[in-house]
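Hi,

Here is the structure I promised to pass on. Please have a look at it first; my notes on what turned up follow underneath.

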2 protein chains.
Amino acid sequence: MHISELETPAVIVDLDVMERNLSRVADYCRTHHLLLRPHTKTHKIPELAKRQIASGATGITVAKLGEAEVMLDAGIDDILIAYPIIGPEKTARLARVAERARIRVSLDSIDAARGISAAAARQGSKIGILIEMDVGFERCGLSNERDLVNLAHQIAALPALEFKGITFFPGQFGVEPEERATLRTQVNEILERTIAAFERAGLPLAVVSGGSTPTAYEGGYFYGVNEVRPGTYIFNDRNTVAVSAASLSDCALSVVVTVVSTAVPGHAVVDGGSKTFSSDRFQAGDERGFGIVKEDPAAEVERFSEEHGHLNISRSERTYRVGDRLSIIPNHVCTTVNMHDEIYGVRGEQVEEIWRVAGRGKLR
Amino acid sequence: MHISELETPAVIVDLDVMERNLSRVADYCRTHHLLLRPHTKTHKIPELAKRQIASGATGITVAKLGEAEVMLDAGIDDILIAYPIIGPEKTARLARVAERARIRVSLDSIDAARGISAAAARQGSKIGILIEMDVGFERCGLSNERDLVNLAHQIAALPALEFKGITFFPGQFGVEPEERATLRTQVNEILERTIAAFERAGLPLAVVSGGSTPTAYEGGYFYGVNEVRPGTYIFNDRNTVAVSAASLSDCALSVVVTVVSTAVPGHAVVDGGSKTFSSDRFQAGDERGFGIVKEDPAAEVERFSEEHGHLNISRSERTYRVGDRLSIIPNHVCTTVNMHDEIYGVRGEQVEEIWRVAGRGKLR
């Protein structure tokens, strides 16, 4: 099928670019002796997770237990659930999943650990635990090394759990190279102090897992890290380009849309809005705009209604007509893919693959 | 099933409040001799569309052809697709839908009209057309009455189409009562001028369709309007309350979440973020915050990661513990429901109904 035959809006992925993205990060990890455990929240597609493993990943990361179940059903059996699993139903499901796969869970409280331990002991399964540390993003994670070591001791004493190491997410890394260098120094100081505390306590850290796509090529510089979990790198997006972790030509994913109205002077409306792209903001500069029109970078994706993308074309030299097709690189691919039941892999102008976003909606 | 048995995150709808919301708008429309054609993009659930019809709606509105197909399959046969349908595949599907139901489509270009006419003529079906006019929101719609009348003449001459009237969306109505009154005067002037132009041209307007939830109780004040299309009113949300179209006690929908981390001082993290709530901003005041914690209004829903809701609890007197359950009223219910495969109708503490969000993902 030719791209022009796809009804719009349609998410397409350039397979050549995606394959290059996969190789580049895999090569970087090989060179720097880092295990690669991609975060599959970006696509939630088992076929792509398998491709990541085939290109060198050691296993995968997911955000939700429901995503782990989908990936496991597709035959992927080494999964980090980078999320505390809380509550009797969820921990029971987790314990069942852990019977069929090597499962690790990250958490930052003894309450979470006790719940998982009880369920796993009941089921007779074993679950690896990573303790989440906060390195400045202030989301989840303990920041004090005594608290971290204490929790590890408590976890080591609980049945059916295996303390494996620590994990962090450097989500505060922004655009400015100088600021990033300063942050890296700060994170490295925290890591060094923490790892030393675990050594003193006689608790070996098999895993020190960190990183994100914005820091994908800095993994080798993080003190003590032996595993990274980039997600966005498989596709890249406007935000990834803004933090210089990719160039525009590395953006594999775009959304094909159709112009449905040109009635308002200086504007054109396309058939995708916040329910097609998400309303995630641009994370750099003036935070303006919701994407890049590949065929016409002078057009600004100014705002979204739910099903309308408002293009400001007042600075454009192109003529816009109802029925024209455009492709737009979104601000944030992870939340864009999450809006769709299926997306398309294309090579040149040909649609080669149709992938079901099997993990979408598995929020629990 | 008791609410406490639902795994989180879970979207729940208070049936008593929802039924009151449905009655109130239906009563308003009866009193003011307005046809009510609710926009079902808010829920995308055929069972709720049927309840809206049972409570007095004349038919429904949808945003996308795929949503119309879902509603038609569920037995709803009077549907306005408030969106231009463009392209050979879509117009062919539209023509088939129109064989089974009374279908109207809104558009603002002769290109859109020609495509629909050709497909309907081929299929032997008949499609009602509303021309969209812009009353100041500057999204879709013609603003000049000569252009509107010209397009209507052209449509009247095309086979298989029936020109039915005009439609508008007053999306620019904001928070300030004074500003709203000024805008209403402006919109009424535009409407009066436009309706007069159609009368002079000998083109009767069977339908003058306008309105939204923020203007739901102003429908009776819009010049010449005989049909309104509110959507959000069935549930209401933080934005609806901000424009005084509802009070907090009219908010029927909330998302039950679980606290998964309290490790960062002054913060608590719940198990729903932008992939549970959407990242739609608050449309009033300082635009801050992503929802209201019903159990603790002093907690600020400060930011969302994809699966993390970051609560700032530094001004709260409540103690937050991992495992606590909270319910959060979102900024925007339409984009929140769109994240879920199913949502729950509750009465008191009991889950009475489970609805599949059957129209979710029907983007084409």
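In this predicted model, helix α6 (residues 145-156) of chain A and helix α7 (residues 177-200) of chain A are oblique to each other. Their axes cross at roughly 40 degrees and come within 9 Å. Angles under 35 degrees would count as roughly parallel and 65 to 115 as roughly perpendicular, so at roughly 40 degrees α6(A) and α7(A) fall into the oblique class. As for the hand, the crossing of α6(A) past α7(A) is right-handed.

Which residues make that contact? From α6(A) come Glu145(A), Leu148(A), Val149(A) and Ala152(A), while α7(A) brings Arg193(A), Thr194(A), Ala197(A) and Phe198(A). Sorted by class, that is five nonpolar residues, one polar and two charged.

Next, the way the two chains are related. A turn of 180 degrees, with a shift of 0.0 Å along the axis, lays chain A on chain B with an RMSD of 0.0 Å. This is therefore the relation of a two-fold axis. If you would like to find the axis on your screen, look for Ser279(A): of the residues of chain A, Ser279(A) comes closest to the rotation axis, with its C-alpha at 2.9 Å. Both copies use the same surface, as 100% of the contact residues of chain A recur in chain B.

On to the contact between the chains. Chain A puts in 50 residues, and chain B puts in 50 residues. On the side of chain A that touches chain B, the elements giving two or more residues are the helices α4 (88-100), α5 (110-123), α9 (274-277) and α10 (333-337), together with the strands β10 (253-261) and β11 (267-270), of chain A. By class, this side of chain A has 15 nonpolar, 19 polar and 16 charged residues.

Finally, a sheet that you can follow in chain B. Eight strands form it, in the order β2-β9-β8-β7-β6-β5-β4-β3 (chain B); the sheet is open and the pairing is parallel. Its edge strands are β2 (35-36) and β3 (60-62) of chain B, each of which pairs on one side only. What does β2(B) pair with, and over how many bridges? The partner is strand β9 (residues 227-228) of chain B, joined to β2(B) in the parallel sense over two bridges. To place that pairing in the model, start from Leu35(B), whose bridge partner in β9(B) is Glu227(B).

Happy browsing, and do write back with any questions.

Best wishes

Notes:
Residues numbered from 1 in each chain as written. Chains lettered and ligands numbered in written order. Predicted model: local features only at pLDDT ≥ 70, side-chain atom pairs only at ≥ 80, totals over all residues. Pairing = 2+ DSSP bridges. Helix = DSSP H or I, 4+ residues; strand = E, 2+ residues; numbered from the N terminus. Axes fitted to C-alpha atoms, helices over the stretch in contact; angles between N-to-C directions. Parallel < 35°, antiparallel > 145°, perpendicular 65-115°, else oblique. Left-handed = near helix turned anticlockwise from the far one by under 90°. Contact = placed C-beta atoms within 7 Å. Nonpolar A, V, L, I, M, F, W, Y, C, P; charged D, E, K, R; others polar. Least-squares fit on C-alpha atoms with pLDDT ≥ 70 in both.
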